[in-house]
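Here is a set of exercises to work through with the structure beside you. Try each task on your own, then follow the solution step by step.

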Amino acid sequence: MSTWFTHNLSLNRPEVKLPSFDNLRLLSKWFHQQESNLTDIRPNCGASIQWFEEPNRTNYAVVFVHGFSASPSECNPFPQRLAKALHANLLCTRLKGHGRTSNAMREGSLQAWLDGTATALQIGTQMGKKVV
């Protein structure tokens with residue numbers, strides 16, 4: 001089905017541009033820097049990493065992807081409660097153009113959102129042994 005989906009919508013295989021981090025504190029710093037590069041993120045709408053205890057790899061990592069035209073904070077506290085119940089690290093991603101000005105939504109596209117989701121899942125594999 002995924003081949004049909006990408007073929008019929010003219011999408012390319014997701015492109016993930018993510019360094020590999022031996023130290024999860026560096027991952028956290030890199031992730032924060034990516035969000036800090038944007039100056040128009042609305043309050044409480046940015047992406048975040050929340051460690052279960054310290055920046056250590058847990059058995060599970062929860063990767064939360066918000067819906068269209070939403071932002072990570074709109075489903076709180078569900079992702080936090082799920083991560084806590086699983087003793088998991090949590091990544092709340094912010095898809096391209098979301099959580100910013102209405103003009104920023106023009107930057108988004110199906111391909112950009114597919115790439116962003118793939119990147120979030122890749123980050124999740126560094127944060128946990130299994131990704132939820």
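**Exercise 1.** In this predicted model, find the place of Glu35 and decide whether Glu35 is buried or exposed.

*Solution.*
- Step 1: Look for Glu35 in helix α2.
- Step 2: Check the relative accessibility of Glu35, which is 15%. Buried means under 20%, so Glu35 counts as buried.
- Step 3: Look at the surroundings. Leaving out residues up to four places away in sequence, Glu35 touches Ile41, Gly46, Ala47 and Arg94.

**Exercise 2.** Which residue forms a salt bridge with Glu35, and how many residues apart are the two?

*Solution.*
- Step 1: The partner of Glu35 is Arg94, and the closest N and O atoms of the pair are 2.9 Å apart. A salt bridge requires such atoms to be within 4 Å, so this pair qualifies.
- Step 2: Place both ends. Glu35 belongs to helix α2, while Arg94 sits in the loop between β3 (89-92) and α4 (110-127). With their positions 59 residues apart, the pair links distant parts of the chain.
- Step 3: Glu35 and Arg94 are both buried.

**Exercise 3.** How many salt bridges does the structure hold? Describe the one formed by Arg25.

*Solution.*
- Step 1: The count is four salt bridges.
- Step 2: Arg25 pairs with Glu54, and here the closest N and O atoms are 3.8 Å apart.
- Step 3: Arg25 is part of helix α2 (residues 24-36), and Glu54 is in the loop between β1 (48-50) and β2 (58-64), so this salt bridge ties together parts that are 29 residues apart in sequence.
- Step 4: Glu54 has 46% relative accessibility, so Glu54 counts as partly exposed.

**Exercise 4.** Which residues do salt bridges with shared partners join to Glu107 in one network?

*Solution.*
- Step 1: Begin with Glu107 and Arg100, which form a salt bridge with closest N and O atoms 2.8 Å apart.
- Step 2: Compare their surroundings. Glu107 is partly exposed, with a relative accessible area of 38%, whereas Arg100 is buried at 8%.
- Step 3: Now follow the shared partners: Asp40, Arg100 and Glu107 are joined into one network.
- Step 4: Another residue to find here is Ala104, in the loop between β3 and α4. Ala104 is buried, with 2% relative accessibility. Not counting residues up to four places away in sequence, Ala104 touches Asp40 and Gly97.
- Step 5: Ala104 and Asp40 are 64 residues apart in sequence, and their C-alpha atoms are 8.6 Å apart in space.

**Exercise 5.** How far apart in space are Asn44 and Asn56, C-alpha to C-alpha?

*Solution.*
- Step 1: Find Asn44 in the loop between α2 and β1. Its relative accessibility is 65%, so Asn44 counts as exposed.
- Step 2: Asn44 and Asn56 are twelve residues apart in sequence, and from C-alpha to C-alpha the distance is 25 Å.

**Exercise 6.** How many aromatic pairs does the structure hold, and is the pair of Phe68 and Trp113 tilted or edge-to-face?

*Solution.*
- Step 1: There are two aromatic pairs.
- Step 2: Phe21 and Trp30 make a tilted pair, 5.8 Å centre to centre and with 50° between the planes. Phe21 is buried, with a relative accessible area of 16%.
- Step 3: For Phe68 and Trp113, the distance is 5.6 Å centre to centre and the angle between the planes is 70°. Angles over 60 degrees count as edge-to-face, so that is the label for this pair.
- Step 4: Phe68 is in the loop between β2 and α3 (78-86) and Trp113 is in helix α4, so the pair ties together parts 45 residues apart in sequence.
- Step 5: Phe68 counts as exposed at 60% relative accessibility, but Trp113 is buried at 16%.

**Exercise 7.** Why is there no bond between the sulfurs of Cys45 and Cys75?

*Solution.*
- Step 1: Count the disulfides: the structure holds zero.
- Step 2: The closest cysteine sulfur to that of Cys45 is in Cys75, 12 Å away, which is too far for a bond.
- Step 3: Cys92 is in no disulfide either, with the nearest cysteine sulfur, that of Cys75, 9.3 Å away.
- Step 4: Cys45 is buried, with a relative accessible area of 7%, and Cys92 is buried at 2%.

Definitions and conventions:
Residues numbered from 1 in each chain as written. Predicted model: local features only at pLDDT ≥ 70, side-chain atom pairs only at ≥ 80, totals over all residues. Heavy atoms only, no water. Salt bridge = Lys/Arg side-chain N within 4 Å of Asp/Glu carboxyl O. Helix = DSSP H or I, 4+ residues; strand = E, 2+ residues; numbered from the N terminus. Buried < 20%, exposed > 50% of the residue type's maximum accessible area, 1.4 Å probe, protein only. Contact = heavy atoms within 4.5 Å. Phe/Tyr/Trp six-rings, centres within 6.5 Å; stacked < 30°, edge-to-face > 60°. Disulfide = S-S within 2.5 Å.
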